[in-house]
Amino acid sequence: MANSKLAVVLSKDRPGQSEHEILERKILGGLEGRHDLEVTVLPHLYDLANDGPGMEFLRSVGGDLVVLTWLYPRSAYWVLDANGVKGRLGPTISLAEEEIDVPGNPGERAIWCLDLRNQKRPDPFLKEINRIASLAVEPATVAAGQINGRPNWIDEPTAPRWYPVIDFSRCGNCLECLNFCLFGVFGTDADERPIVEQPDACRSGCPACSRICPEGAIMFPQHGDPAIAGDPRISPKDLKLDLSQLFRDSDPLQIAEAERRRALEERERQSRQTAEKPSELPRKGSLDDLVDRIDDMDL
Amino acid sequence: MPKPLIFMMGRSPAFIATDRQYARNHMWVQPDGAVCRVGFSAYAVKLLGDVHHLAWSAAPGRAVRSGDPMGFIEGSKATSDLYCPMDGEVAEFNPRVLADPSLINSNLYDDAWLFSLADARGPLLSSEQYLDHLEASWPLAQRLLKGQSSGRDAGAGGKPASDPA
């Protein structure tokens with residue numbers, strides 16, 4: 001059933017940011033009663049499971065999509081892309097001046113990403129949503145949407161995740177990431193492009209692959225350093241390095257490899273802990289799930 | 001100053017002064033009366049780009065150990081935490097460099113010394129040993145230097161692009 005409402009998704013921040021919650025509520029308040037919009041509220045975009053109700057909903061949106069997140073537009077766009085939500089990045093007030101080349105093709109529906117960190121008040125976002133709604137947008141065909149002018153809340157339970165996000169507009173296909181990562185996070189698709197095959201195999205806090213990528217195509221949206229989190233103002237050509245390892249130790253071998261080693265040690269420490277406490281299972285990767293399922297089949 | 005050694009960073013030469021010693025963390029160390037002055041090697045400065053910000057977190061009179069964090073620096077190409085190259089006691093931070101960090105780019109071996117240490121103790125390298133150290137660690141360092149023309153070749157295991165031999 002097609003309708004001409006614009007799909008607006010507000011993706012909340014992780015719990016614990018009361019100032020952010022206030023802004024979220026004010027924006028939702030400002031959108032209430034709008035019958036030209038389909039408003040949905042989701043947990044933090046980066047923490048959604050690929051096969052969870054949140055991403056399922058996002059994939060169900062056929063037309064233009066407005067997404068408000070606590071991420072750079074570029075980061076939000078590529079997280080969506082990795083989960084099968086495709087389109088062209090619509091030019092919004094959240095885009096930096098430097099973002100002239102936005103990913104996507106002119107014929108595609110637009111994904112308008114708004115970065116909630118950019119403004120402290122709801123008005124600029126509400127104004128921008130009005131502007132987008134007034135453009136000729138493709139009708140949104142959504143599986144679930146507003147009921148009686150109130151937003152639809154998808155309360156998928158989430159925990160903070162950590163995994164790399166690839167910007168395919170920058171990726172040069174060198175496959176250094178696949179080569180470098182010891183944890184099996186990367187794989188390749190049918191076109192031999194690198195993909196994040198096992199995101200949850202990624203060791204929390206380790207951004208080593210982001211530093212290895214010569215094109216600056218890998219981001220960790222929750223990392224403290226804007227260059228690694230996906231700040232578009234930092235061009236891949238002049239990505240600022242963090243030379244701290246070099247200027248502390250002597251040996252540049254420590255750079256990136258130190259991060260990787262620390263992540264490996266942490267994994268080994270956790271496996272030892274698991275061996276001692278069999279009742280407390282660590283988060284399983286998809287491979288572990290597969291093994292368990294085969295075991296359960298009792299072949 | 002006697003003729004410096006040259007270390008090629010891609011197609012760009014870094015001049016390594018031979019009249020002083022070096023710590024493995026790319027700082028030079030030179031005695032000056034009772035204290036030792038410490039500055040950046042040309043290698044470090046090339047990696048940083050145009051330096052525009054410098055801040056110290058230690059204070060004069062404080063005892064320091066090799067590897068202690070002391071400050072922070074930012075240039076056009078990189079940022080870094082700064083660490084003490086030796087054990088000793090912080091004597092003085094160079095006020096001229098604090099006032100104008102870009103002095104590091106123009107005068108890295110003399111006027112732009114960073115700080116001085118009293119009672120400095122610890123292993124140091126001669127300029128030749130430091131050059132060996134740079135050469136041995138260059139292939140991997142290249143992989144992390146964005147924007148360097150030979151970076152990708154070395155990282156992918158190919159022969160160095162800048163080697164004419």
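These are legends for a set of close-up views of a predicted model.

**View 1. Chain A as a whole, to get your bearings.** Before zooming in, here is the overall tally: chain A carries ten helices and eleven strands. It has 299 residues, and 49% of them are buried. The accessible surface of this chain comes to about 14900 Å², with 50% of that belonging to carbon and sulfur atoms. If you take the contacts in chain A between residues at least 6 apart in sequence, 70% of them join residues at least 24 apart.

**View 2. Arg161(A), a buried arginine in a loop.** Arg161(A) sits in the loop of chain A between β6 (152–153) and β7 (165–166). With a relative accessibility of 12%, Arg161(A) counts as buried, because the cut-off for that label is under 20%. Its side chain has a polar contact of 3.4 Å with the side chain of Asp200(A). Setting aside neighbours within four places in sequence, Arg161(A) also touches a run of residues that includes Tyr46(A), Asp47(A), Leu48(A), Ala49(A) and Asn50(A). Arg14(A) and Pro199(A) are among its contacts too.

**View 3. Helix α3 of chain A, mostly tucked away.** This helix covers residues 73–82, and nine of its ten residues are buried, so it is largely enclosed by the rest of the structure. Charged and polar residues are on the buried list as well: among them are Arg74(A), Ser75(A) and Asp81(A). Tyr77(A) and Trp78(A), both buried members of α3(A), join Phe168(A) in one aromatic cluster. After the helix comes Gly84(A), which has a positive phi near 85 degrees.

**View 4. Ser94(A) and its reach to a backbone nitrogen.** Look for Ser94(A) in the loop between β4 (88–89) and β5 of chain A. Ser94(A) counts as buried, at 8% relative accessibility. Its side chain gets to within 2.9 Å of a backbone atom, namely the nitrogen of Asp115(A). Beyond its neighbours within four places in sequence, Ser94(A) is in contact with Pro73(A), Cys113(A), Leu114(A), Asp115(A) and Asn118(A). Pro73(A) is one of the buried residues of α3(A), which ties this view to the previous one.

**View 5. Arg121(A), on the way into a helix.** Arg121(A) is in the loop of chain A between β5 (110–115) and α4 (123–134). The side chains of Arg121(A) and Asp123(A) make a polar contact at 2.6 Å. Another pairing to check here is with Ile22(A): the two residues are 99 apart along the chain, yet their C-alpha atoms are separated by 9.6 Å.

**View 6. Two arginines over aromatic rings.** In chain A, Arg117(A) lies over the face of Tyr72(A), 4.4 Å from the ring centre. In chain B, the charged end of Arg20(B) sits over the ring of Trp28(B), at 4.4 Å from its centre.

**View 7. Aromatic pairs in chain B, one edge-to-face and one stacked.** Over all chains, the structure holds twelve aromatic pairs. For Phe7(B) and Tyr43(B), the ring centres are 6.0 Å apart and the planes are at 65 degrees, so this pair is edge-to-face. The pair links distant parts of the chain, with Phe7(B) in strand β1 (residues 5–9) and Tyr43(B) in helix α1 (residues 42–48), 36 residues apart. Both of these residues are buried. Trp56(B) and Phe93(B) have their ring centres 4.9 Å apart and their planes at 25 degrees, so this pair is stacked. Here too distant parts of the chain are linked: Trp56(B) belongs to strand β6 (residues 51–56) and Phe93(B) to strand β10 (residues 87–93), 37 residues apart. Trp56(B) counts as buried at 17% relative accessibility, and Phe93(B) is buried at 11%.

**View 8. The nonpolar cores.** The largest nonpolar core has 51 residues, and Phe40(B), Tyr43(B), Ile104(B), Leu114(B) and Phe115(B) have the most contacts inside it. Helix α1(B) gives this core its largest share, six residues. Leaving aside neighbours within four places in sequence, the contacts of Phe40(B) include Trp28(B), Val45(B), Leu48(B), Ile104(B) and Leu114(B), as well as Phe247(A) from the other chain. A second, separate core has 46 residues, including Ala7(A), Leu71(A), Ala208(A) and Cys209(A). As a general point, nonpolar side chains tend to be buried together in soluble globular proteins.

Conventions. Residues numbered from 1 in each chain as written. Chains lettered and ligands numbered in written order. Predicted model: local features only at pLDDT ≥ 70, side-chain atom pairs only at ≥ 80, totals over all residues. Heavy atoms only, no water. Helix = DSSP H or I, 4+ residues; strand = E, 2+ residues; numbered from the N terminus. Buried < 20%, exposed > 50% of the residue type's maximum accessible area, 1.4 Å probe, protein only. Polar contact = N/O pair within 3.5 Å; in protein donor to acceptor, adjacent residues only side chain to side chain. Contact = heavy atoms within 4.5 Å. Areas by Shrake-Rupley, 256 points an atom, 1.4 Å probe, with all protein chains shown as cover. Phe/Tyr/Trp six-rings, centres within 6.5 Å; stacked < 30°, edge-to-face > 60°. Lys NZ or Arg CZ within 6 Å of the ring centre and 35° of its normal. Core = buried A, V, L, I, M, F, W, Y, C linked by side-chain atoms within 4.5 Å.
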